[in-house]
Amino acid sequence: MKAGEASNEDLLGMLLDSNLREIQEDNGIDRKRIGRMSIDEVIEECKLFYFAGQETTSGLLVWTMVLLSRHPHWQRRAREEVTMILNEVLRLYTPLTSLTRTIHEATQLGKLCLPAGVVLSLPLIRLHHDHEIWGDEAKEFKPERFSEGLSRATKNQSVAFFPFSWGPRACIGQNFAMLEAKWPWL
């Protein structure tokens, strides 16, 4: 921190930055340490925030799960809304920005004949932000666009959304990733 290389964008950084300013203002004189903390006190303060934050968050999650288990219709609604939110995040910030495939044998694609060896690249980020597919608000966060399913969200062009690839080359971890992302909410 004295060299100006530390960040004050987290709790520890803010505590140390504040403490350093107090020391500099006091010119190192210990005025009964008002407003100054020892390294041990900084460590204890961080522990307090960590454990207190973890305790309150875990209590919130436990009681949320208890209440959702007692009210299955809300559990169902929460699951649907979380799926819509995750799909919208995957659409806007897809983990793959593009897909690249090599054609191994001559292939007819509509009216186009592609010889073996051609490399195709599909820019997913452009596809997932295309106004013709997603509407005028294509770049806005609107999870409700998935409320009636994928084909309605894409104007019946369901192959327009594939953050984990598509078909036989789809990511083998897709279901696990989605389950893992939904788990805290289920």
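**Helix H3 and the aromatic cluster around Trp134**

In this predicted model, helix H3 buries Val82, Met84, Leu86, Asn87, Glu88, Leu90, Arg91 and Leu92.

Q: Which helices are included in what covers the buried residues of H3?
A: The buried residues of H3 include Val82 and Leu92. Their cover includes H4 (124–128), H5 and H7 (174–182).

Q: What span does H3 reach from its first C-alpha to its last?
A: H3 covers residues 72–92, which is 21 residues. At 1.5 Å a residue, 30 Å is expected. The helix comes close to that, reaching 30 Å.

Q: Which helix gives the most to the largest nonpolar core?
A: This core has 17 residues. H3, H4 and H5 each supply at least two of them. With four residues, the top contributor is H3.

Q: Which residues touch the most other members of that core?
A: Members of a nonpolar core must be buried, under 20% relative accessible area. Trp134 meets that cut-off at 5%. Phe146 does too, at 6%. Within the core, the residues touching the most other members are Trp134 and Phe146.

Q: Why is the pair of Trp134 and Phe146 tilted?
A: The structure holds four aromatic pairs. In this one, the ring centres of Trp134 and Phe146 are 5.9 Å apart. Planes under 30 degrees apart would be stacked, and over 60 edge-to-face. The pair is tilted because its planes lie at 50 degrees.

Q: How many residues apart are Trp134 and Phe146?
A: Trp134 is in helix H5 (residues 131–134). Phe146 is in the loop between H5 and helix H6 (150–153). The pair links distant parts of the chain, and the separation is twelve residues.

Q: Which residue joins Trp134 and Phe146 in a cluster of ring pairs?
A: Beyond its neighbours within four places in sequence, Trp134 has contacts that include Leu127, Ala160, Phe146 and Phe161. Ring pairs link Trp134 and Phe146 into a cluster with Phe161.

Q: Which residue lies over the face of Trp134?
A: Contacts of Trp134 outside its sequence neighbours within four places include His128, Arg145 and Arg91. At 4.9 Å from the ring centre, the residue over the face is Arg91. H3 contributes this residue, and among its buried positions is Arg91.

Q: Is Cys171 buried or partly exposed?
A: UniProt, in an unreviewed entry, places a "binding site" feature at Cys171. Cys171 is in the loop between H6 and H7. Apart from neighbours within four places in sequence, Cys171 contacts Phe164 and Ser165. Its relative accessibility is 38%, so Cys171 counts as partly exposed.

Note on methods:
Residues numbered from 1 in each chain as written. Predicted model: local features only at pLDDT ≥ 70, side-chain atom pairs only at ≥ 80, totals over all residues. Heavy atoms only, no water. Phe/Tyr/Trp six-rings, centres within 6.5 Å; stacked < 30°, edge-to-face > 60°. Helix = DSSP H or I, 4+ residues; strand = E, 2+ residues; numbered from the N terminus. Buried < 20%, exposed > 50% of the residue type's maximum accessible area, 1.4 Å probe, protein only. Lys NZ or Arg CZ within 6 Å of the ring centre and 35° of its normal. Expected span 1.5 Å × (residues − 1). Contact = heavy atoms within 4.5 Å. Core = buried A, V, L, I, M, F, W, Y, C linked by side-chain atoms within 4.5 Å. UniProt positions renumbered as here; feature names shortened; annotations may be inferred.
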